[in-house]
Structure formats: structure tokens, C-alpha cells
Amino acid sequence: MFFEMLSMRFFAVVVLVGVAWVAPALAVIETYEFSNPQLEQRYHVLSQELRCPKCQNQNIADSNAPISQDLRALLYAQLEEGASDEAILDDMVSRYGEFVRYRPDTRGAALWLWLAPALMLVAGFVLLLVLLRRGRGASKTEDSPLTEEEQQRLEQMMSNETDHT
């Protein structure tokens, strides 16, 4: 009985390991026949640059989502039609927004998104310096001795106060 259970567990482990080992081979692999090797190279570069709208953290080359399959087919068709890389990227951005690019454009409104963290950091340092300098200036005035006139007036006020008590 014990050996039967042990052999059943061993069999189950072997089956699970086998399924885990074979599962990646069952993934969909698309092959396209390109008219020249340069188009194939451009296809691989562009498919790495374009983000899957559904997966969000995968490019269309790595994603098996149906939208990524469609985008890969569209990319292939546009390359074979002779579209430039910029024209293809512009078309994808017009359809899916700037999000579809892993490296968004650094012009226009997107420039503010790229520069905002650095500008906020600089503004924070400037504010810190201003506050530190104000703090030092206030402490200097507190520690400075009184002028002779101020000292005489203070003594007069203190003597008046002691006279009234």
C-alpha cells in the first residue's frame, strides 16, 4: 500500500513537471515571410517598441493577447506596403494613444511629463535652501547684542517696573 502511494505521487510529480516543460512549446508562434531581411529586422525592432494595449507591461512581440496578434499582423502588412518606421509608429499612436509606445515621444505635452520630476526636485532643493537661509538669518538677529541705546532703554524700562512693584 505504501509503495503504491509513493509511486502514485512520483507519477503525479513527473506528469506535472512534464506539462510545465511542454507548455511553453504550445504557445502561438507566428511566422511571416518577409520580402527582404531588412523588413524582418525592422519588424523585430518595432514589435519590441510597441506595447500591448491589453497586457500593458509586455510588448506585442512577447504577448499572446488577440490584440497583439492583430497588431503584429498590421505591422507586417504596413512594412510590406513600404511604410516608414515613423509612419507606422504615428499610425499606432493615432489608434491607441501615446501609451502604445514603450519610449513615448519627448516633444509637446509629453515633454512636461518627462521633465516634471526633475523640475520638482530642483524646486524642492531651492525651497529647502531658502528656508535654511531664513532660519540662519533669524538666529543671527536673536544672538546679536543690543546697541547702547537699546540697552539704556531696557534698563530704564526695568527700573520703572521695579519702582511700581
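**Exercise 1. Salt bridges across the chain**

Task: Find how many salt bridges a search of the whole structure gives, then work out which parts of the chain D85 and R42 link.

Solution.
Step 1. The search, run on a predicted model, returns three salt bridges.
Step 2. Take D85 and R42. Their closest N and O atoms are 2.7 Å apart, and the cut-off is 4 Å.
Step 3. Place the partners. D85 sits in helix α4 and R42 in helix α2. They are 43 residues apart, so this bridge links distant parts of the chain.
Step 4. Check exposure. D85 is partly exposed, at 30% relative accessibility. R42 is partly exposed as well, at 23%.

**Exercise 2. A buried pair**

Task: Decide whether E49 is buried or exposed, and do the same for R101. Then say which parts their salt bridge ties together.

Solution.
Step 1. The closest N and O atoms of E49 and R101 lie 3.4 Å apart, which makes a salt bridge.
Step 2. E49 belongs to helix α2, while R101 belongs to the loop between α4 and α5. The pair therefore ties together parts 52 residues apart in sequence.
Step 3. Buried means under 20% relative accessible area. E49 has 10%, so E49 is buried. R101 has 12%, so R101 is buried.

**Exercise 3. A bridge inside one helix**

Task: Explain why D91 and R95 are separated by about one helical turn.

Solution.
Step 1. D91 and R95 form a salt bridge, with 3.3 Å between the closest N and O atoms.
Step 2. Both residues are in helix α4, four residues apart; therefore about one helical turn separates them.
Step 3. R95 has a relative accessible area of 48%, so R95 is partly exposed.

**Exercise 4. The core around L79**

Task: Identify which elements give two or more residues to the largest nonpolar core, and which residues L79 touches beyond its sequence neighbours.

Solution.
Step 1. The largest nonpolar core has 15 residues. Y43, L46, L50, L75, L79, I88 and M92 have the most contacts inside it.
Step 2. Helices α2 (37-49), α3 (66-80) and α4 (85-96) each give two or more residues to this core.
Step 3. Set aside neighbours within four places in sequence. L79 then contacts L39, R42, Y43, L46, D85 and I88.
Step 4. Compare with Exercise 1. The contacts of L79 include R42 and D85, which are partners in a salt bridge.

**Exercise 5. A nonpolar surface patch**

Task: Which residues form a nonpolar patch on the surface? Is W112 buried or exposed?

Solution.
Step 1. The patch consists of L111, W112, W114, L115 and L119. Together they have about 540 Å² of accessible area.
Step 2. W112 lies in helix α5 (residues 109-143).
Step 3. The relative accessible area of W112 is 59%, so W112 is exposed.

Definitions and conventions: Residues numbered from 1 in each chain as written. Predicted model: local features only at pLDDT ≥ 70, side-chain atom pairs only at ≥ 80, totals over all residues. Heavy atoms only, no water. Patch = residues over 30% accessible without salt bridge, like charges linked within 9 Å, V, L, I, M, F, W, Y side chains within 5 Å. Areas by Shrake-Rupley, 256 points an atom, 1.4 Å probe, with all protein chains shown as cover. Salt bridge = Lys/Arg side-chain N within 4 Å of Asp/Glu carboxyl O. Buried < 20%, exposed > 50% of the residue type's maximum accessible area, 1.4 Å probe, protein only. Core = buried A, V, L, I, M, F, W, Y, C linked by side-chain atoms within 4.5 Å. Contact = heavy atoms within 4.5 Å.
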